[in-house]
Amino acid sequence: MTHALILPILLPLITGAGLLLLYRLPFAVQRLVGLASTLGLTLLGAWALGAAGGGEYRLYHAGDWPAPFGIVLILDRLSALMLALTAALGLACLLYAGRGIDRRGAHFHALFQFQLAGLNGAFLTGDLFNLFVFFEILLIASYALLLHGGGRARSRAGLHYVIINLVGSALFLVALGTLYGLTGTLNMADLALEVAAAPPGDAPLLAAASMALLVVFGIKAAILPLLFWLPRAYSASSAPVAALFAIMTKVGVYAILRVFLLVFGLGEAPVNAAAWQWLWPLALLTLALGGVGVLGSDSLRTLTAYLVIISVGTLLATLSLVTPATLAAALFYLLHSTGMAAAFFLLADLLGQQREEGYDRFSVEAPMGHRGVLGGLFFLAAIAAVGLPPFGGFVSKAWILQASIGEPRGLWLWGGLLAAALLTLIAVSRTGSRWFWRPGPAAAPRPLDRGGLAVVVALVVLNGGLAALGEPVMAYLALTAEQLLTPQAYVAAMLPETLALSMEVAP
């Protein structure tokens, strides 16, 4: 398995390029090729979890060029976790899209594969420039996927999405240029050593570059005040695209973790101190705005988009406490929230198909078909999203609350988390009672998309399985948190000859 580490990037890239070149293939063949590639990524995700489970770092040197001179991919517990999550989510979204949504525009399956390649590359890369490159790959693919199927609402949302991300990309390049000018490297391990050993005169520029990167990653993660593009973009997308986008904000969270714990986390006076100070209040405000947005949403898709914002606020507020327990708890919540956001986007489409008018808008009173089946599924998904037992949300939030006990800012996190849960409970209860509890005229019989229903049921069941397997999952995530908080080991794996130096600059 020497080259296995590059396959999560190479497989979807080759598949996407092949589908573009052979676009005249029968659509059934295109679906089969895309599905085979995504199944392969799922197997690679399982392999990555096993390969990284022992705590070893696995490296792939492109062209056998050693770090820090060549392109290096590196696998640890966190990147393996994100690879597996991306593959599982991608498989669910592709199966749902295969019910007919993929036919509404051109090159859906090629774009989907490019999106997966960009995501996997961002999780595996060992240098900041290639992080920028993979960001651009996934963003270009996401632009086209957002517009897939056409329509005025998607065009308007896509324009806002493109503009703010272009600004973020330009700022990313400015930050990279500043760091390279100061240190002469963009390899993350080498950069960590250079930043830690930088002369005091470089401190202001390093701090400025770090804050610029925080803004860039904040745009990707959708943190206040950089989040206002998200509700419109996500609610305008087709259901499987919006479901896949549930992991897009997590790429920003991953980048914050990776860069600010590693690149800016070494030395006696780490550069990341200012970032954690800013991240805490912004995350709490993001959490509060997400709760208000959920309560004021006018459609189930918009409500789900604000659930994504709540998850971002919860994640970053918990991560900014920077302890092993809170990091592990946040990662558990990341798994739960990503899966449930995807399930809700797909469920919104299932419900919209069964309403005679209004699709998923709350303001329209319309008959709905198959109320019993869909009402039961909505009830299970709602209690999972709120964080009630026996689903993963309950376990993750209980763990977050427990991990924050004794922390100076723990009470603020408790208050924000419980308030957001209450607002979410009110919002989903109001929606459920309006659509399923009130008696209404019978809807004209419409065929139920049983394949799409099976995908949503599988996501909800997997969330319950996450809670059932809480102990082994927590054990893995606790080790992941410890690995993240030991950046010297990452440096030593990437640059073995600098082991002694990395220990000298350790805090």
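1. A residue counts as buried when its relative accessible area is under 20%. In this predicted model, Ser337 has a relative accessible area of 7% and is therefore buried. Ser337 belongs to helix α14, which covers residues 324–354.

2. The surroundings of Ser337 deserve a look by any reader who is new to the structure. If neighbours within four places in sequence are set aside, Ser337 is in contact with Lys250 and Ser311. Between Ser337 and Gly392 there are 8.7 Å in space, taken from C-alpha to C-alpha, although the two residues stand 55 residues apart in sequence.

3. The packing of two helices can be examined next. Helix α2, made of residues 27–52, packs with helix α3, made of residues 77–97, at an angle of about 155°, and the axes of the two helices are 8 Å apart. Because angles over 145 degrees count as roughly antiparallel, α2 and α3 are described as roughly antiparallel to each other. The crossing that α2 makes with α3 is left-handed.

4. On the α2 side, the residues that meet α3 include Gly34, Leu35, Thr38, Leu39 and Gly45, while on the α3 side the residues that meet α2 include Arg77, Ala80, Leu81, Gly90 and Leu95. Sorted by character, the residues of this contact of α2 with α3 comprise 14 nonpolar, five polar and one charged.

5. Aromatic rings form a further topic, since the structure holds 21 aromatic pairs. One of them joins Phe108 and Phe112 in a tilted arrangement, with 5.8 Å from centre to centre and 35° between the planes. Both Phe108 and Phe112 lie in helix α4, residues 108–124, where they are four residues apart, or about one turn of the helix. Phe108 and Phe112 are both buried.

6. Another aromatic pair, formed by Tyr143 and Tyr161, is edge-to-face, with 5.5 Å from centre to centre and 80° between the planes. This pair links distant parts of the chain, for Tyr143 lies in helix α5 (residues 128–147) and Tyr161 in helix α6 (residues 152–183), 18 residues apart. Tyr143 counts as buried because its relative accessibility is 14%, and Tyr161, with a relative accessible area of 3%, is buried as well.

7. Tyr143 and Tyr161 should also be viewed together with other rings, as ring pairs link Tyr143, Tyr161, Trp229, Tyr234, Phe245 and Phe345 into a cluster.

How values were computed. Residues numbered from 1 in each chain as written. Predicted model: local features only at pLDDT ≥ 70, side-chain atom pairs only at ≥ 80, totals over all residues. Heavy atoms only, no water. Axes fitted to C-alpha atoms, helices over the stretch in contact; angles between N-to-C directions. Parallel < 35°, antiparallel > 145°, perpendicular 65-115°, else oblique. Left-handed = near helix turned anticlockwise from the far one by under 90°. Contact = heavy atoms within 4.5 Å. Nonpolar A, V, L, I, M, F, W, Y, C, P; charged D, E, K, R; others polar. Buried < 20%, exposed > 50% of the residue type's maximum accessible area, 1.4 Å probe, protein only. Phe/Tyr/Trp six-rings, centres within 6.5 Å; stacked < 30°, edge-to-face > 60°.
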